[in-house]
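Visitor: Could you take me in for a close look at one part of this structure, and then walk me outward from there? I'd like the strand pairings and the surroundings of the ligand along the way.

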Amino acid sequence: MVLKTAALHIGMLASVAALALQPLPALAQQPAPVHLEVDATHQGPTISRDIFGQFAEHLGTGIYGGIWVGPDSPIPNVRGIRSDVVAALRVIRVPNVRWPGGCFGDNYHWRNGIGPHATRPATLNPDWGGVIEPNSFGTQEYFDFLGQIGAEAFISENIGSGTVQEAADWFEYMTSGKPTTLAKERAANGHLAPYAVKYLGLGNENWACGGAMSPAHYVEEMKRFSRYTRNYNPAQQSPSAAMKRVAVGWDSGNDDFTDAVMKAWKEKNWAWDIEGVSLHGYTIPNSWEKKGPSVGFGEDEYAKGIRATLKMKEWIAHQSAIMDKYDPDKKVGLYVDEWGIWTDSNPGTNPGFLQQQNTLRDAVIAALNLNIFMRNAERVRGANIAQMINVLQAMILTDGPKMVVTPTYHVYRMYVPFHDATLLPVTFDAGTYRFGDTSLPAVDAVAVRDRAGRLWLSLVNVDPNHPAHIAASIGRTTARSATGEVLTASSVDAHNSFTSPNQVAPRAFVGRRSGGLLLFDVPPKSIAVVEVR
Ligand code: AHR
């Protein structure tokens, strides 16, 4: 209301700013209006759609039950892959799926997961609950799933317990276009054409579950795996189409790996290379031992979660500074290939399955992180939220035949226009959201131009108590309208369940034009995405 009155009377940016400096007594509790300015003429970096990537590990019911139900299941499926999940994932245009781990990846032996199901061995999943791994979902099922949802492959290979030869054979099996014995085995298993692997993850967290290696040891292993894990797919031989190799970097607390990897890269010879370094950064609202509940919490837990998630900004800045030291031209990308909120598991569930509910708080966390990645698009070329289905900050929850999409899923759907868009500079005063001793930026915003030339804004109001009144000026152009969607709900821990699937769902949202400005009343604790015309 404040902003509407002001803008109607004065209609100029300078006056809006002046209003912010002179709060009226009656409005003392209300946050000041936010003046936001987009430089629509500037060509920023391209936001790789791989920033919206997913992660699917053999963990809990992420794969078994979440994706794979088997061809004989009463749950509708195509070749064993559940159709409701595929339909939901197609909507959010998943660019790539990192698989098979995670920690599981350094236990994974690919030969267990090829060929007829009847002959596949049952093994164990020692990292995640010690349950039996039936190996029913292996290489051919992974690529079938990717084909069904329209995503590309990101394979995390086994450096911890596998050999270089095993990895080399897997990649020859998957990618050879020539009729080698391994390629013929692939054809006999149903796929004549070589598979395309866009990303190769050179191990996973090899400072811990991937073999507890020292940085120096990892670098030596990584060089051998980079050298011998070859991509033979003839369609991927040009530099732009070539497979990209991502080495292991920091774990949100220790930068030794990034430094060692980047130093080695600077000194590398022709025999090996990498195109990326990873960053794993989870949002833990409280402590590792007692992370905090995933649902049934109030503003205190909400504020802690938002404060924890904003560390991503510092982690990326810190990693980028190390990378800049060795690679000022930004040839090597930073891949945040595991991130998301990690809470206590749902009571009564197997603690090794990492099952948690997903709330409006998590949607705000998703949007804030995606915005951080986009703002750092020059260095951040990919990110994979952990994890896609039924695990940690999931897009989708399933239970037998039941399926529900989460608030985080809705953010991924609303952000589709940001895939491969160009970042536009935005300036705004974020204001402050206070809870107890915690002070956080109240508002966040990103502007992009999509590949069709349309301009989009993401506006996040972190404050759970007050709307954000935003007055946006779009460079020197006269924006006529802004239409889109907003995601909010009655409480910070609102969530969707199988019986109540639409507690948190987007609704229509518009901006109002006033003078040369677009005015937005962004509700408390919400994410709005609008197209500006
Ligand atoms: O996402 C769960 C686990 O978290 C992954 O397996 C591991 O890489 C990380 O520590």
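Guide: Let's start at Tyr-199, whose bridge partner in strand 10 is Lys-244. This is a predicted model, so keep that in mind as we go. The Tyr-199 bridge belongs to the pairing of strand 9 (residues 197–202) with strand 10, where the two run parallel and 4 bridges join them. To get from one to the other, the chain leaves strand 9, passes through helix 7 (residues 215–228) and comes into strand 10, a β-α-β crossover that is right-handed.

Now flip to the other pairing of strand 10. Strand 11 (residues 276–283) also runs parallel to strand 10, with 3 bridges joining the pair. If you want a spot to click on, take Ala-247, which has Val-277 as its bridge partner in strand 11. How enclosed is strand 10 (residues 244–250) by the rest of the structure? Largely, because 6 of its 7 residues are buried.

Next, have a look at strand 5 (residues 96–99). Asn-96 and Arg-98 point one way from strand 5, while Val-97 and Trp-99 point the other way. Whichever way they point, all four named side chains belong to buried residues. Strand 5 has parallel company too: strand 2 (residues 53–55) pairs with it over 2 bridges, and in that pairing Gln-54 is matched with Val-97. Strand 8 (residues 152–156) is joined to strand 5 by 4 bridges, again running parallel. There, Trp-99 has Ile-155 as its bridge partner.

On to the ligand. Its surroundings include Phe-55, Glu-57, Gly-102, Cys-103, Trp-128 and Asn-204, and also Glu-205, Tyr-282, Glu-338, Trp-342, Gln-387 and Leu-392. Sorted by class, that shell has 6 nonpolar residues, 3 polar ones and 3 charged ones. Which residues put a polar atom by an oxygen atom of the ligand? Glu-57 is one of them, with a polar side-chain atom 2.7 Å from a ligand oxygen. Cys-103 uses its backbone instead, with a polar atom there 2.9 Å from an oxygen of the ligand. Asn-204 comes in with a polar side-chain atom, 3.0 Å from a ligand oxygen. As for cover, the ligand on its own has 280 Å² of accessible area, and the protein covers 93% of that.

Now for a loop. Lys-330 sits between helix 10 (311–326) and strand 12 (333–341). With a relative accessible area of 23%, Lys-330 counts as partly exposed. Lys-330 and Gly-130 are 200 residues apart in sequence, and C-alpha to C-alpha they are 41 Å apart in space.

One last stop, further along the chain, with antiparallel pairings. Strand 23 (residues 482–487) and strand 24 (residues 507–514) pair in the antiparallel sense over 5 bridges, and Ala-482 stands opposite Gly-511 in strand 24. Strand 24 is also joined to strand 25 (residues 517–522), by 3 bridges and again antiparallel. Ser-514 has Leu-517 as its bridge partner in strand 25. The hairpin of strand 24 and strand 25 has 2 residues between the strands, and Gly-515 takes a positive phi near 60° in it.

Notes
Residues numbered from 1 in each chain as written. Predicted model: local features only at pLDDT ≥ 70, side-chain atom pairs only at ≥ 80, totals over all residues. Heavy atoms only, no water. Near = heavy atom within 4 Å. Polar contact = N/O pair within 3.5 Å; in protein donor to acceptor, adjacent residues only side chain to side chain. Areas by Shrake-Rupley, 256 points an atom, 1.4 Å probe, with all protein chains shown as cover. Nonpolar A, V, L, I, M, F, W, Y, C, P; charged D, E, K, R; others polar. Buried < 20%, exposed > 50% of the residue type's maximum accessible area, 1.4 Å probe, protein only. Pairing = 2+ DSSP bridges. Right-handed = clockwise from strand over helix to strand, strands pointing away.
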